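Open the model in your viewer and switch on a cartoon display. The stops below say what to select and what to look for there.

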Amino acid sequence: MQSVTLIIDKRRELSTKYKKLLESKSNKVIISKNLLSAMKLIQDKEPDLIIISDSIDSDLSDYCKKIRALTYNMRPIIIATSKSAELEDKLNVLENGADDFISEPVNAEEFVMRIKAHLRRELESNMDAKHFLPGKNYSSRALKRILSENSCWAAMLVSIENFNNYKETYTELASDKLIQTYCAIIRSALCENDYLGSISENKFLIITDGIKAEKIANFLTFAFDSVASKFYSPQDNRRGFMLMQGDEFAGRRSNFVHTTIGIVTNEFIQYKDSTQLMNALMQIHKLADIPAKSNYLIERPRITAENSIDNEINNKIFIIENDEAMTLLLNTILDLQGYDVTISNNYETNPDNVPALIILDAGSTDNLKGLDICREIRKNAIYDKTKLIVTSVLHDKELILNSGADLYIPKPYEISNLIKWVEKLLKN
């Protein structure tokens with residue numbers, strides 16, 4: 001993304017000269033000749049650097065102070081230019097918020113090098129050390145800037161799903177390698193004018209041309225799936241899922257990592273502000289997420305993502321357990337925790353509604369009917385988002401997880417341990 005430099009100067013010739021010196025592929029320069037238009041540009045563009053001349057109809061130090069107060073949340077670099085070379089004037093301006101003071105007439109080479117050094121420091125201070133990308137604040141600024149552009153643009157929210165599970169299983173070092181590899185893939189798909197920044201550890205923002213956004217998303221989903229298998233152990237690749245450690249005996253199943261991409265453009269909707277744009281981006285990204293597969297979704301005329309997400313929390317738990325005393329205990333405790341609990345002692349009983357979680361007893365060692373039920377549940381698409389905890393007297397972790405369980409807990413178990421896993425799975 002280009003840096004943005006704002007020049008506030010009434011003098012036509014000098015401001016044009018400064019613009020020619022500073023403007024480049026990496027730096028866009030805007031000129032404002034009065035304070036009113038300058039304030040609006042500061043709000044709309046959030047410039048990285050502001051050059052203020054003492055030609056303005058205001059005290060230079062006072063104006064620096066006002067700009068610093070106006071931009072407290074974005075902290076641009078402020079450089080004052082003045083015909084004065086008096087030490088007192090310099091100190092007064094610097095004390096009131098300016099980062100640098102340049103006396104006129106300026107040396108062109110020194111002037112350009114000073115500005116470049118300030119912009120380089122600004123970018124480096126906003127750089128995420130792990131990804132080597134601009135961080136969240138810089139990405140928010142990039143979103144705000146494109147709203148005032150007349151060109152056709154697209155914003156892409158790119159994430160690695162199941163990333164925390166991967167990190168927990170394979171350590172932080174392996175997860176860093178995964179992130180760095182994906183960042184390299186993304187960079188290879190972008191051109192010089194595109195923007196790539198981070199939103200969080202496993203989420204990224206791309207701003208690109210509206211025409212090529214879908215081609216980029218198509219390439220990224222293919223490329224990510226092509227390399228993802230190299231980041232798992234041979235055992236997990238054979239199983240088809242990650243085997244996570246619950247505690248010394250319990251085992252937890254997790255889908256492999258995949259990438260999800262949500263795309264919005266200004267083709268159909270003119271967004272009012274960056275908050276509205278970010279909300280739309282998050283909604284379309286949520287719609288794009290498929291539990292075990294990389295996918296992307298681009299905003300279409302009939303899919304704006306507005307009011308399409310059901311925000312109602314599903315707190316339903318369905319329990320199938322042969323032990324009546326255990327069933328009563330689980331029902332009482334989970335009910336006190338605020339969950340909507342339905343219980344059954346019959347394997348043939350189906351839940352009336354789609355629950356958020358099913359706790360299923362696998363059955364006796366010679367009749368593992370619960371595992372058959374588990375496989376049937378996993379084949380039914382309506383239970384895609386339902387978590388499955390299977391408890392069993394048969395201590396065969398891989399057999400039970402291969403049947404489709406998200407978590408295996410061997411019997412006998414501590415009720416407190418089960419409640420802990422219920423909360424963790426529903427939170428995820």
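Select residues 153–161, strand β8, together with residues 203–209, strand β10: in this predicted model the two strands pair in the antiparallel sense over seven bridges. Add the side chains of leucine 157 and leucine 205, the latter in β10, and you will find them opposite each other.

Now widen the selection to the sheet. Its five strands run in the order β9-β10-β8-β13-β14, the sheet is open, and the pairing is mixed. At the edges are β9 (195–200) and β14 (295–298), each of which pairs on one side only. On average, neighbouring strands here are turned by 20° against each other, direction ignored.

Next, the helices. Residues 213–228 make up helix α8, which lies across β8, β10, β13 (258–265) and β14 and runs at about 175° to β13. Helix α10 (residues 274–288) also packs on the sheet, touching β8, β9, β10, β13 and β14, with its direction at about 140° to that of β13.

Turn to the rings: the structure holds seven aromatic pairs. One of them is tyrosine 18 with phenylalanine 111, tilted, 4.8 Å centre to centre and 35° between the planes. Tyrosine 18 is in helix α1 (residues 12–22) and phenylalanine 111 in helix α5 (residues 108–125), so this pair ties together parts 93 residues apart in sequence. Both residues are buried.

Go back to β8 and select tryptophan 153 with tyrosine 271, a tilted pair at 6.5 Å centre to centre and 40° between the planes. Tyrosine 271 is in the loop between β13 and α10, 118 residues from tryptophan 153.

Finish with arginine 253, whose charged end sits over the ring of phenylalanine 241, 4.3 Å from its centre.

Conventions: Residues are numbered from 1 along each chain as its sequence is written. This is a predicted model: local features need pLDDT of at least 70, side-chain atom pairs count only at pLDDT 80 or more; totals for chains, interfaces and linings use all residues. Side-chain values use heavy atoms; hydrogens and water are left out. Two strands pair if DSSP finds at least two bridges between them. Helices (H or I, at least four residues) and strands (E, at least two) are DSSP runs, numbered from the N terminus. Axes are lines fitted to C-alpha atoms, for helices over the stretch in contact, and angles run from 0 to 180 degrees between N-to-C directions. Contact means heavy atoms within 4.5 Å. Rings of Phe, Tyr and Trp (its six-membered ring) pair if their centres lie within 6.5 Å; planes under 30 degrees apart count as stacked, over 60 as edge-to-face and the rest as tilted. Buried means under 20% relative accessible area, exposed over 50%, partly exposed in between (1.4 Å probe, protein chains only). A charge sits over a ring if NZ of Lys or CZ of Arg is within 6 Å of the ring centre and within 35 degrees of the ring normal.
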